[in-house]
Amino acid sequence: MRIVLLGAPGSGKGTQAALLKERLAIPHISTGELLRAAVKANSPLGQQAKAVMERGELVSDAIVLGMLEERLNQADAAAGFILDGYPRNPAQCDALDQLLERLNQPVDRAVQLDVSEEMLLQRLVKRGADQGRADDSPEAVRTRLGVYRDQTAPVIDHFAAQGRLTRVAGEGTVEEIAERIVASLRQ
Ligand code: ADP
């Protein structure tokens, strides 16, 4: 099964993807994690991405697409995948459709995690304090939520228009939300 997990920063995509990958036995592919690994490794790509990410802005479409394509070509992704953090704007939607068409692996379902803005802010501020992620500073959080509203929210409409969208309430315990997602995928 090929799933795209959608939701604002702080909506719990990463947490839910980690559970889902065990239940569905398919890899979790997070473009944010791929980028953070590149930054950590200090690769040329990571050097380009670092400052952009710290500001909470989007890394260039070409860089992220190249990285994603490389990851999707690895053997484990042939069984399916949970994609988290991509697509993040309309151009990435089109790039993903084209890439997956070429690989003959279209998206089966997009799952949108709905969380109120108030809860998102609470979670991100707490994560910043607990984990010290550079882009969880109050200023970067504001930028990321703005980028989400302006650029990423239209992605929901893209999957809805294809008849592939399911919305799930993203507030409650981690386990409750995981159950909702699994139930929605069975339908
Ligand atoms: P969150 O969803 O909580 O913002 P992510 O780990 O998904 O966290 O992403 C962190 C950062 O990585 C983003 O703010 C952005 O700079 C970069 N990034 C991740 N995915 C993409 C993408 N598809 N396109 C451009 N930039 C991306």
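**Stop 1: Ala25**

Select Ala25 in this predicted model. Is Ala25 buried or exposed? Ala25 is exposed, because its relative accessible area is 62% and the cut-off for exposed is over 50%. The residue sits in the loop between H1 and E2. Check its backbone: phi is near 55°, a positive value in a residue other than glycine. Most residues other than glycine have a negative phi.

**Stop 2: Asn42**

Go on to Asn42, in the loop between H2 and H3. Asn42 is not a glycine, yet its phi is positive, about 60°. Its relative accessibility is 48%, so Asn42 counts as partly exposed.

**Stop 3: helix H1**

Now select residues 13-24, helix H1. At 1.5 Å a residue, these 12 residues should span 16 Å. The end C-alpha atoms are 15 Å apart, which agrees. Show the side chains of Lys13, Gln16, Ala17 and Leu20, the buried residues of H1. Look down the axis: the buried residues fall within an arc of 100°, so they line one face of the helix. Residues three or four places apart in an α-helix point the same way, because there are 3.6 residues a turn. What covers the buried residues of H1? The cover includes E1, E2, E3, strand E4 (109-114) and helix H8 (174-186). Follow the chain out of H1 and you are back at Ala25.

**Stop 4: helix H4**

Select residues 61-72, helix H4. This helix also has 12 residues, with an expected span of 16 Å at 1.5 Å a residue. Its end C-alpha atoms are 16 Å apart, which agrees. Which residues of H4 are buried? They are Ile63, Val64, Met67, Leu68, Arg71 and Leu72. These residues cover an arc of only 160° around the axis, which puts them on the same side of H4.

Display the partners of that buried side:

- strand E2 (28-30) and helix H2 (31-41)
- helix H3 (44-55)
- strand E3 (81-84) and helix H5 (90-102)

Turn to the face of H4 directed away from the buried side, and you find the exposed residues Ala62 and Glu70. Ala62 has a relative accessible area of 62%. Add Ala95 to the view. Ala62 and Ala95 are 33 residues apart in sequence, and their C-alpha atoms are 9.6 Å apart in space.

**Stop 5: the nonpolar cores**

In soluble globular proteins, nonpolar side chains tend to be buried together. The largest nonpolar core here has 34 residues. Which of them touch the most other members? Select Val4, Val59, Leu68, Leu72, Leu83, Leu96 and Phe159. At least two residues of this core come from each of strand E1 (2-6), H3, H4, E3, H5, helix H6 (117-131) and helix H7 (138-161). H7 gives the most, with six residues.

Centre on Val4. Not counting residues up to four places away in sequence, Val4 touches Leu83, Tyr86, Pro87, Leu96, Val107, Arg109, Ala110, Val111 and Phe159. Apart from this core lies another, of 13 residues. Leu5, Ala17, Ile82 and Ile181 are among its members. You met Ala17 earlier, as a buried residue of H1.

**Stop 6: Tyr86 and Pro87**

Two of the residues that Val4 touches are Tyr86 and Pro87. Select the peptide bond between them. It is cis, with omega about 0°. Most peptide bonds are trans. Pro87 lies in the loop between E3 and H5.

**Stop 7: the ligand**

Show the ligand and the 20 residues around it. Which come nearest? Thr31, Arg36, Glu57, Gln92 and Arg144 do. Now turn on distances:

- Glu57: a backbone N or O atom is 2.5 Å from an oxygen atom of the ligand.
- Gln92: a polar side-chain atom is 2.9 Å from a nitrogen atom of the ligand.
- Arg133: a polar side-chain atom is 3.1 Å from an oxygen atom of the ligand.

**Stop 8: Asp136**

Finish at Asp136, in the loop between H6 and H7. Asp136 counts as buried, because its relative accessibility is 5% and the cut-off is under 20%. Which side chain does the side chain of Asp136 meet in a polar contact? The partner is Arg144, at 2.8 Å. Arg144 is also one of the residues that come nearest to the ligand. Leaving aside neighbours within four places in sequence, Asp136 is in contact with Leu124, Arg127, Gly128, Val141 and Arg144.

Definitions and conventions: Residues numbered from 1 in each chain as written. Predicted model: local features only at pLDDT ≥ 70, side-chain atom pairs only at ≥ 80, totals over all residues. Heavy atoms only, no water. Helix = DSSP H or I, 4+ residues; strand = E, 2+ residues; numbered from the N terminus. Expected span 1.5 Å × (residues − 1). Buried < 20%, exposed > 50% of the residue type's maximum accessible area, 1.4 Å probe, protein only. Arc of directions from axis to C-beta. Contact = heavy atoms within 4.5 Å. Core = buried A, V, L, I, M, F, W, Y, C linked by side-chain atoms within 4.5 Å. Near = heavy atom within 4 Å. Polar contact = N/O pair within 3.5 Å; in protein donor to acceptor, adjacent residues only side chain to side chain.
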